[in-house]
Amino acid sequence: MTSDMPFEIFLAVPPGLEPMLRAELVEKGFKAPQVEAGGVTITGGWPDVWRANLEVRGASRILARIGSFRVVHLSQLDKRARQFDWLAVLKPGVPVRVEASCRKSKIYHAGAAAERVANAIETAIGVPTSDDAAVCVRVRIDDNLCTLSIDTSGELLHRRGFKAEVNKAPMRENLAALFLRACGFDGVEPVLDPMCGSGTFVIEAAEIAGRLAPGRDRAFAFEHLAGFDAVIWQSMKSDAGARATARSVVSRYRGSDRDEGAVRMSRTNALRARIDDVTMFDVCPVEQLERPDSPPGLVIVNPPYGARIGNRKSLYGLYGALGDTMRTRFAGWRVGLITTDSALARATRLPFAPPGRPVDHGGLKIRLHLTKPLR
């Protein structure tokens with residue numbers, strides 16, 4: 001590949017949320033996104049990679065697919081890897097690490113494949129390899145097709161750079177953004193999370209409403225690659241900052257929790273994200289929750305579930321109390337509930353539509369249960 005040649009860019013997401021990620025990419029002007037299992041692909045150049053890392057909320061990580069070729073044995077992999085133009089992508093002197101996976105291929109030993117590619121990189125351009133390097137070359141051999149990719153994100157993209165503290169079993173920010181989208185959140189209506197934990201849903205909603213770039217406060221692996229232009233990158237960040245809208249103190253994004261420590265964490269995280277002026281967090285059990293003095297909006301909640309926190313049987317009362325509060329005080333509001341357990345969702349006695357596809361979250365399968373506006 002050459003520095004100005006378009007290439008395939010893969011935005012990874014937990015399976016089940018690919019359509020939501022594709023909708024976000026369309027909204028943000030990325031051309032012709034195509035859904036694959038576990039992600040969405042676009043075609044573009046390095047500035048598209050930079051912008052995607054900066055602006056896309058739903059992706060877990062972003063891979064630049066820099067080359068592919070067919071291989072059936074390790075010596076062939078070694079030869080093709082040595083012929084690859086690594087200088088077009090990697091910066092001499094910057095360490096890299098190599099990770100590999102093999103599936104349905106004659107080369108079946110991922111460790112050996114990674115070692116061959118690492119040796120090829122070291123031999124070709126003298127780039128050292130290190131297990132803790134910020135830049136990662138990913139080698140995927142699937143049905144004898146070897147795809148070389150660069151992980152351009154580094155740390156997973158849900159790590160926005162502002163969350164100082166988290167509660168037990170937190171919802172990842174990228175999942176929260178996609179579940180908000182699945183609930184039809186438009187960036188204008190009020191949002192309330194009555195079991196807010198560390199404030200993820202509330203903070204994501206406020207950032208979406210303010211058109212704040214999720215990657216504005218963090219570093220990325222692509223900053224260590226050949227061809228990275230710090231001037232263009234800074235201009236891109238400045239442009240994204242200029243698009244952020246003036247936020248109204250009227251449309252607040254609210255969270256509450258019975259746990260004082262959770263509310264303290266939420267307030268700290270909102271302050272670090274610089275959206276504390278449009279968010280409110282209060283200590284309040286769900287039974288005592290009052291309807292906000294605002295137009296109807298979205299209640300979104302990720303309650304405890306038995307496989308995650310505590311005893312499942314003891315949670316029926318909590319879900320029942322949530323449902324009672326919603327039915328009696330929140331007419332006109334939609335409710336989105338994320339859980340592993342449909343029986344617990346039914347315990348709310350809320351009129352949920354059939355749940356969405358299961359989504360992997362920390363090894364558990366969670367689903368979104370969503371109502372229409374309550375009557």
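Let me begin with a term: a residue is called buried under 20% relative accessible area, exposed over 50%, and partly exposed in between. The structure before you is a predicted model, and that scale applies at once to one of its arginines. R181 has a relative accessible area of 24% and is therefore partly exposed. Its partner, E27, is exposed, at 56% relative accessibility.

The side chains of these two residues form a salt bridge, with a distance of 3.2 Å from N to O. R181 belongs to helix α5, residues 173-182, and E27 to helix α1, residues 18-27, so the salt bridge ties together parts that lie 154 residues apart in sequence. In total, the structure holds 24 salt bridges.

I turn to a second pair. R57 and E204 join their side chains in a salt bridge of 2.8 Å, N to O. This pair, too, links distant parts of the chain: R57 sits in the loop between α2 (46-55) and β4 (61-70), while E204 sits in helix α6, residues 200-209, and 147 residues separate them. Are R57 and E204 buried or exposed? Both are buried. These two residues also take part in a network of salt bridges, together with R160, E207 and R216.

A third pair connects two strands. The side chains of D151 and R138 meet in a salt bridge at 3.4 Å, N to O. D151 is in strand β7, residues 145-151, and R138 is in strand β6, residues 135-142, 13 residues apart. The relative accessible area of D151 is 2%, so this aspartate is buried.

Now to the strands themselves, starting with β9, residues 253-257. Four of its five residues are buried, so the strand is largely enclosed by the rest of the structure. On one side of the pairing, strand β8, residues 191-193, runs parallel to β9 over three bridges, and L192 has R254 as its bridge partner. Strand β10, residues 279-283, is also parallel to β9, joined by five bridges. There, R254 stands opposite M280. Between β9 and β10 the chain passes through helix α8, residues 260-272, and this β-α-β crossover is right-handed.

One residue of β9 deserves a closer look, namely D257. Which side chain of opposite charge is nearest to D257? That side chain is R258, at 6.2 Å, and D257, although buried, has no salt bridge. The cut-off explains the absence: a salt bridge requires a side-chain nitrogen of Lys or Arg within 4 Å of a carboxyl oxygen of Asp or Glu. A polar atom of the D257 side chain does, however, lie 3.3 Å from the backbone nitrogen of C196. Beyond its neighbours within four places in sequence, D257 is in contact with several residues, including P194, M195, G197, A262, V263 and D282.

Finally, I come to strand β3, residues 39-44. Five of its six residues are buried, so β3 is largely enclosed by the rest of the structure. Strand β1, residues 7-12, pairs with β3 in the antiparallel sense over six bridges, with I9 opposite I42. Strand β2, residues 34-36, is likewise antiparallel to β3, through three bridges, and E36 stands opposite G39. β2 and β3 form a hairpin with two residues between them, and G38 in the turn has a positive phi of about 85°.

How values were computed
Residues numbered from 1 in each chain as written. Predicted model: local features only at pLDDT ≥ 70, side-chain atom pairs only at ≥ 80, totals over all residues. Heavy atoms only, no water. Buried < 20%, exposed > 50% of the residue type's maximum accessible area, 1.4 Å probe, protein only. Pairing = 2+ DSSP bridges. Right-handed = clockwise from strand over helix to strand, strands pointing away. Lys, Arg positive; Asp, Glu negative; His and termini not counted. Polar contact = N/O pair within 3.5 Å; in protein donor to acceptor, adjacent residues only side chain to side chain. Contact = heavy atoms within 4.5 Å.
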